[in-house]
Amino acid sequence: MKMTFRWYGKNSDPVSLKQIRQIPGMTGVMGFLDYKPAGEVWTKEEIGAYVKDIKEAGLECEVIESVNVHEDIKMGLPTRDKYIDAYIETIRNLAEVGVKVIIYNFMPVLDWLRTDLAREIPEDGSNSLYYDDAELQGLTAVQLVENTLKDSKGFSMPGWEPERLAELKVTMKRYEEIDEDKLAENYKYFLDAVIPVCEEVGVKMACHPDDPAWPIFGLPRLAHDQAGFDRIVKLHDSPANAICLCTGSLGSNPENDIPSIIRHFGEMDRIAALHIRNVKFLGYRKFREASHLSSDGSLDMYAIVKAVYDTCPHDIYVRPDHGRMIWDEQGRPGYGLYDRALGATYLNGLWEAIDKNAKGE
Ligand SMILES: [Mn+2]
């Protein structure tokens, strides 16, 4: 297990590379150029400068996250080809600096969504990301963005700032004609274009699950259970068409048996990276994020790490995922230093125990 840490870059992450380097067992970051809009090429110069800083801090940058797929590709518009060409150029540029895995998602319109970004956990006074589907009932996506203007209440729709509201209305309208099959067709068109390039340059594309793990606002979604990912990996059959298995995203639906899903895709060699975190179920489509410890949440983290150990390559890229805000830390919701560092240490502890046990030590 290569333990890594998400890092947003020196201009927008309050966590420094030096701090990340000091977490025990940390080998690298899962990087991100957060200022790049979907559809723009990540140039050699900017990627080179970003990776140089990481290497100078004694860390690797073999995984890049959130190379976002332009909406025109997901919608299958005629303009998609120019955005696919740009994506391919980015893949080539990333490969040149040693990137091995690109994490992305194919969620229409909305990325991850929570109804509260800082819900206090009554037991200990920390806070974490929170979701309650009931709070979204009766709201459309457009109303949700309008509401954030009046009363932010913690709602967040990444990528859909209020100033883009008009565009959101048009996009939502277009999706009325796109069902899951049509979305899968558009997805295949994208994979058929990019996967051969990935094979050529030695990069894996790793699809991140829908978060939360069910369709919202009537939009088609493909990546929220085992059957969905079975369909995705078959759209273009190649080890380069892989998964970023995010336990917390898939685990937001209690019907998803996470260790079993890991074993299923691990045995197929289709897991290129994992985000490992815990969630606590609070009711139907209602959850909050917990510390990584099994007993703090609803997922069995031992069974998860054991499934990774048993079925994935032992140098698989892993990172702790969202953490709580603890010890009065101020920072990016879900991406503070302290709780994620505790998560990494805990995951490394589970791995060490599983490894020594397997070797009879
Ligand atoms: Mn994730």
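Mentor: Isoleucine 243 stands opposite isoleucine 271 in strand 9. The model here is a predicted one.

Trainee: What makes strand 8 and strand 9 count as paired?

Mentor: Pairing takes at least two bridges. Four bridges join strand 8 to strand 9 (residues 271-276), so the pair passes that cut-off. The two strands run parallel.

Trainee: How many bridges are there between strand 7 and strand 8?

Mentor: Three bridges join strand 7 (residues 204-207) to strand 8, again a parallel pair. With at least two bridges needed, strand 7 and strand 8 therefore pair as well. Alanine 206 stands opposite alanine 242 in strand 8, and methionine 205 has asparagine 241 as its bridge partner there.

Trainee: Which larger arrangement do strands 7, 8 and 9 belong to?

Mentor: They belong to a closed barrel of eight strands, ordered 1-2-3-4-7-8-9-12, with parallel pairing. On average, neighbouring strands of this barrel are turned by 35° against each other, direction ignored.

Trainee: What links strand 7 to strand 8 in the β-α-β unit, and which hand does the unit have?

Mentor: Helix 8 (residues 226-235) is the linking element, and the unit is right-handed. That label applies because, with the strands pointing away from the viewer, the path from the first strand over the helix to the second runs clockwise.

Trainee: How do you know whether strand 8 (residues 241-246) is mostly covered or mostly open?

Mentor: A residue is buried if 20 or more other C-beta atoms lie within 10 Å of its own. Six of the six residues in strand 8 are buried, so the strand is called mostly covered. In a regular strand the side chains alternate between the two faces of the sheet. In strand 8, Asn241, Ile243 and Leu245 are buried on one side, and Ala242, Cys244 and Cys246 are buried on the other.

Trainee: What is unusual in the loop between strand 7 and helix 8?

Mentor: Most residues other than glycine have a negative phi, and most peptide bonds are trans. Proline 212 lies in that loop, and the peptide bond from aspartate 211 to proline 212 is cis, with omega near 0°. Phenylalanine 217 is found in that loop too; its phi is near 55°, a positive value in a residue other than glycine.

Trainee: Why is phenylalanine 217 called neither buried nor exposed?

Mentor: Phenylalanine 217 has 17 other C-beta atoms within 10 Å. Buried needs 20 or more and exposed needs 12 or fewer, so phenylalanine 217 is partly exposed.

Trainee: Which class does arginine 285 fall into, and what is its phi?

Mentor: Arginine 285 has 19 other C-beta atoms within 10 Å; the cut-off for buried is 20 or more, so arginine 285 is partly exposed. Its phi is positive, about 50°, although it is not a glycine. Arginine 285 sits in the loop between strand 10 and strand 11.

Trainee: What kind of sheet includes strand 10 and strand 11?

Mentor: An open sheet of four strands in the order 5-6-11-10, with antiparallel pairing. Strand 5 (116-120) and strand 10 (279-283) each have a single partner strand, which means that one side of each is left without a neighbour in the sheet. Within the sheet, three bridges join strand 6 (residues 127-132) to strand 11 (residues 286-289). Aspartate 132 stands opposite lysine 286 in strand 11.

Trainee: How do you know the relative direction of helix 10 and helix 11?

Mentor: The axes of helix 10 (residues 258-267) and helix 11 (residues 301-311) cross at roughly 10° and come within 9 Å. Angles under 35 degrees count as roughly parallel, and the two helices therefore fall in that class. By class, their contact has seven nonpolar, two polar and three charged residues. Among those that meet are Ile258, Pro259 and Ile262 in helix 10, and Ala303, Ile304 and Ala307 in helix 11.

Trainee: How far is isoleucine 178 from alanine 307, and what surrounds isoleucine 178?

Mentor: Their C-alpha atoms are separated by 36 Å, with the residues 129 apart along the chain. Isoleucine 178 lies in the loop between helix 6 (165-174) and helix 7 (180-201). Leaving aside neighbours within four places in sequence, isoleucine 178 is in contact with Met75, Leu183 and Pro220. It has 17 C-beta neighbours inside 10 Å and therefore counts as partly exposed.

How values were computed
Residues are numbered from 1 along each chain as its sequence is written. This is a predicted model: local features need pLDDT of at least 70, side-chain atom pairs count only at pLDDT 80 or more; totals for chains, interfaces and linings use all residues. Axes are lines fitted to C-alpha atoms, for helices over the stretch in contact, and angles run from 0 to 180 degrees between N-to-C directions. Angles under 35 degrees count as roughly parallel, over 145 as roughly antiparallel, 65 to 115 as roughly perpendicular and the rest as oblique. Two residues are in contact if their C-beta atoms, placed from the backbone, lie within 7 Å. Ala, Val, Leu, Ile, Met, Phe, Trp, Tyr, Cys and Pro count as nonpolar, Asp, Glu, Lys and Arg as charged, and the others, Gly among them, as polar.
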